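Work through the exercises below with the model open. Each task is followed by its solution.

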Amino acid sequence: MNKSEHLEGGCICGQVKYQITDKPLFTQACHCKDCKVLTGSSYVVNTSVLENTLMIDGEVSTTKLTAGSGAASRAFFCTKCGTYLYTDYDSAVGRLNVRTKTLKESDKFPPQAHIFLKDKDPWLNLSEDVNCFEKMYDAKTTWPKESLERYKEYLKTRSK
Ligand SMILES: [Zn+2]
Ligand SMILES: [Zn+2]
């Protein structure tokens with residue numbers, strides 16, 4: 001991606017803006033109970049990006065959370081308006097999960113999978129052709145090959 005193609009996003013009050021400097025890896029919708037509470041809605045849409053491609057400009061605060069699976073995560077919010085911008089999951093080494101709808105062009109990133117459909121709201125109807133999973137999926141068989149390879153390459157170079 002050259003600079004003009006960087007993806008942009010931010011919070012609702014404008015204090016925090018961000019750029020994503022390379023193509024995201026994968027976008028998914030999660031219907032689990034935790035995501036319902038965190039969003040105050042029926043599901044969340046997250047876009048996974050390599051950790052070194054998210055550039056934050058502005059002040060964010062963080063809270064440590066524990067997922068139903070027991071895995072820890074850190075949620076990042078605008079310190080002024082509280083918009084939940086992204087999550088760092090311990091289980092997703094080297095990646096950050098940006099809240100897709102905080103992207104300016106979020107329509108370009110529809111969910112490539114819907115997960116935890118066991119908790120889906122019964123009145124919510126999804127199209128027949130979306131990729132659905134009762135719980136979690138195996139990235140190896142669900143992600144596009146290009147994303148898997150880019151992620152694998154990044155992990156090799158990662159020094160933390
Ligand atoms: Zn804000
Ligand atoms: Zn969830």
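**Exercise 1.** In which sense do strand β4 and β9 pair, and over how many bridges?

Solution. The model is predicted. Locate β4 at residues 44-50. Its pairing with β9 is antiparallel and runs over five bridges. For the register, take S48: it faces N97 in β9.

**Exercise 2.** Which residue stands opposite N97 on the β8 side?

Solution. Start from β8, residues 84-89, and β9, residues 95-99. These strands run antiparallel, joined by two bridges. T87 is the residue opposite N97. Next, inspect the hairpin of β8 and β9: five residues lie between the strands. Among them, G94 has a positive phi near 80 degrees.

**Exercise 3.** Place β9 in its sheet, then state its burial.

Solution. Write down the strand order: β6-β7-β8-β9-β4-β3-β10. The sheet is open, has seven strands and shows mixed pairing. At the edges are β6 (60-66) and β10 (113-115), each paired on one side only. Neighbouring strands are turned by 30 degrees against each other on average, direction ignored.

Now apply the burial cut-off: 20 or more other C-beta atoms within 10 Å. Five of the five residues of β9 pass as buried. Split them by face: R95, N97 and R99 lie on one side, L96 and V98 on the other. Both faces are covered.

**Exercise 4.** How many residues of α3 are buried, and what is the reach of the helix?

Solution. Helix α3 spans residues 145-157, 13 residues. Its buried count is zero, so by the cut-off none has 20 or more other C-beta atoms within 10 Å. From first C-alpha to last, α3 reaches 19 Å. That is close to the expected 18 Å at 1.5 Å a residue.

Conventions. Residues are numbered from 1 along each chain as its sequence is written. Chains are lettered from A and ligands numbered from 1 in the order in which they are written. This is a predicted model: local features need pLDDT of at least 70, side-chain atom pairs count only at pLDDT 80 or more; totals for chains, interfaces and linings use all residues. Helices (H or I, at least four residues) and strands (E, at least two) are DSSP runs, numbered from the N terminus. The expected span of a helix is 1.5 Å times one less than its number of residues. A residue is buried if 20 or more other C-beta atoms lie within 10 Å of its own, exposed if 12 or fewer, and partly exposed in between; C-beta atoms are placed from the backbone. Two strands pair if DSSP finds at least two bridges between them. Axes are lines fitted to C-alpha atoms, for helices over the stretch in contact, and angles run from 0 to 180 degrees between N-to-C directions.
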